[in-house]
Amino acid sequence: MFGPEFEEHFIRVKFGDEGGTSYRHHWEVENSKFLAKQVGTILNEATQLLGRLRRTRSELVWETSVESSTAQQGMGHACLKHPSVDLVPNEIEVINDVEAETQVLDGGLKPQKLVWTDGQGTISPDLADEIWVMHHKNRPKRVKDKAETEEVRPRAYQLIRVRPSMEKFDSGGPHPLRIEVSEAFNRPSPMYLNRSGFRMVLAEYLSLTTRNRPLIMILDTLGVKHSTFIKLQEEAMETAQAALDHPDSFATLMEMYELGKAFELPNLLRRLSRYNLQDLHNRDPFFRKLSCFSLYHAKRELKFHARIPVPGSWEVVGVADEHNQLGDGEIFGSSGFQTVHPGDVQLVTAVGKPEAASPYAIENLANTVIFSVKGKRPLAACLGGGDLDGDLYYLITNPELHPPKYEIPAWNDEYETHTLDRDSTITDIVDFVIEYMIHDTLGLIEVNHLRLADQRPEGVLDADCIRYAKLYSEATDYPETGKAITIDDMPKPKDIPDWDCPESSNPNNGDYYESTRALGALFRAVQLGDPEPGPLEDPVDREDFIRNALQEKVFDILNSHGVQPGDSEFFHRLFASFSCELKYQCAIHGIPQSVNSSLTEEEVVIGTILGKTTATNESQKRRDLMERLAKQSQDLVQQIKCEILGDRSALSPQEQLARAWTCLDVGWEITGANKFGRNSFFLVAFTSVLDLLHELDNAEHEESF
């Protein structure tokens, strides 16, 4: 939104209770006056001092000392921190949406507009290529990055077409016509069944769904057998358990649950076998603990979140059929969002490989699902109110997950955005922040919907569950529409199923009942056990093992290029700095209520938090902490790697290898000294060495052809 010169003008503020969790709706407490006084007073005084405020979805508030006029002019600007593509006015064209009017029966007939291209425009190939190259310039350097070798062609024909449905707000005033990439869908993501659900279409050959809603409960209600879910979970357990047997299996597990990314652990594990180092995985105490902690994380995700991978199924972005090739109820799938209402699951026909004459045989829209623009209703809108502005959908090839019956999709009401008949002020924004905190009941609606569905004979088809599903849709749109909702008159489940107990509680202590639904069976089928590994039968001496495998190769490379190892003193100082920062990361990312809340070195490397939650609403807090931990750990590792390798534009790969090997030598010295952070520092140095050996081996291989 602002350029890099404004980076120091922002502070980040979070409001929460004593435990650090966000304020939540409470059935027996009237919290509007408390929030108005406790939060409103602080925000009003702060904005008078700093000048501007913006609320984010996680109730994190940004304030800035930039003058209000500057802030208002900046609305709509993209962040200027990274290279962007600028356009001129004649390179932008406005085109119409594919839309129609219909009549909806809701206490009488009322008109509703249907938009098949909601949130989607088009772009010329030349401009897409230029954006792609610029986007890759923002990424960390990789060996032989294809985008770095591509040349941007002259703008012979560059055009972007936008539709009215893409317009969110008018920033007012002149500003650069700059394109920024919000997200790149360069590969499909694996699909997971989830207690918390997702958006879904079921096809004759493919299932298509979305994420972040109670999918398992819907499929259970619609007739999918419990044995299908159990089988998938058992397969996931076998995959997770295999992580203890081989480094490649360990890497697969980490990729499956997005672990170890900050320390680039999956890549490191896959390179061990190449250099005859695979025994490190199960004979080195540090690596063994990493694999056992990762296994525990995976089992916990299965037990408490039913996060079950579905083989052969993928999460992809949805787009419209611009060429009008598909019929009603058809999709193209190359390689869904929220599911609460039972009609969020639909059956469609997946068209196979496009014919040679089809535009889609020429335009390779990989990692997408293409929706038809024909029919009675846009298919994306049938899936939890989805659209085409980046919403993700699941392609499912497992026929056992296709239910024997389907429900009519819900109609999502159109709401007009709450507007004022005057210019808004900072006070208006503060009032909305407080109002949002009072009515932010999205999580509570989801919990109550699931609990009721578990207890009612009709499951998600129960009338109260349908009401909760409608409220969920309205609550999701609340930040955009400003239309607050209330749940005070909704039924509150009094009993809690065993699958919804906190991690620190005993589900058999009488406070929870044994659920007969699929979620209950899945929950009880997983036994967590102790994350700590047992003693190793044949431990390896890490230094001797790696020296025997690599030292001769490394020194042959260095000697052949006249390069000598560097001074170790610099890397001792680098470790001291790394250790201090790592201690800080461990201290601030633990769950305060848990015993020994400070994280271990292994937790930071993996990117998990093993501390048990004491309340169900703490799961989101842990996810937030893990997300922040991953980001800060990645920044730390990249900074340390840059220091290890030096100026890569000035140093040869062999000179960088000499620095990395010297750092690895220091890593072995401090390992013997038993200093905190020694293992993770060794890991960064070891990864740097293997990366450079891999780069040099590839270069030698290419030169031989």
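Trainee: What phi does Ala306 take just after helix 10?

Mentor: Ala306, which comes just after helix 10, takes a positive phi of about 50°. This is a predicted model, in which local features need pLDDT of at least 70 and side-chain atom pairs count only at pLDDT 80 or more, while totals for chains, interfaces and linings use all residues. Residues are numbered from 1 along each chain as its sequence is written, and side-chain values use heavy atoms, with hydrogens and water left out.

Trainee: What makes residues 285-305 a helix?

Mentor: A helix is a DSSP run of H or I with at least four residues, a strand is a run of E with at least two, and both are numbered from the N terminus; helix 10 has 21 residues, so the length condition is met. From its first C-alpha to its last, helix 10 reaches 29 Å, close to the expected 30 Å, the expected span being 1.5 Å times one less than the number of residues.

Trainee: Why is helix 10 called largely enclosed?

Mentor: Buried means under 20% relative accessible area, exposed means over 50%, and partly exposed lies in between, with a 1.4 Å probe and protein chains only. Because 19 of the 21 residues of helix 10 are buried, the rest of the structure largely encloses it.

Trainee: How do you know that Arg274 and Asp697 form a salt bridge?

Mentor: The rule asks for a side-chain nitrogen of Lys or Arg within 4 Å of a carboxyl oxygen of Asp or Glu, and the closest N and O atoms of Arg274 and Asp697 are 3.8 Å apart, so the pair qualifies. Arg274, with a relative accessible area of 43%, is partly exposed, whereas Asp697, with 15%, is buried. Across the structure there are 26 salt bridges.

Trainee: Which parts of the chain does the salt bridge of Arg622 and Glu503 link, and how far apart are their closest N and O atoms?

Mentor: The closest N and O atoms of Arg622 and Glu503 are 2.2 Å apart. Arg622 belongs to helix 20 (residues 618-645) and Glu503 to the loop between helix 15 and helix 16, so that distant parts of the chain, 119 residues apart, are linked. Both partners are buried, Arg622 with a relative accessible area of 3% and Glu503 with 8%.

Trainee: Why is the pair of Phe432 and Tyr436 called stacked, edge-to-face or tilted?

Mentor: Rings of Phe, Tyr and Trp (its six-membered ring) pair if their centres lie within 6.5 Å, and planes under 30 degrees apart count as stacked, over 60 as edge-to-face and the rest as tilted. By this rule there are 11 aromatic pairs. For Phe432 and Tyr436 the centres are 6.3 Å apart and the planes stand at 45°, so this pair is tilted. Both residues lie in helix 13 (residues 426-439), 4 residues apart, which is about one turn of the helix. Phe432 is partly exposed at 29% relative accessibility, while Tyr436 is buried at 5%.

Trainee: What makes Lys303 count as lying over the face of Phe523?

Mentor: A charge sits over a ring if NZ of Lys or CZ of Arg is within 6 Å of the ring centre and within 35 degrees of the ring normal. Lys303 lies over the face of Phe523 at 3.9 Å from the ring centre, so its distance falls inside that limit. The charged end of Arg542 likewise sits over the ring of Phe682, 4.3 Å from its centre.
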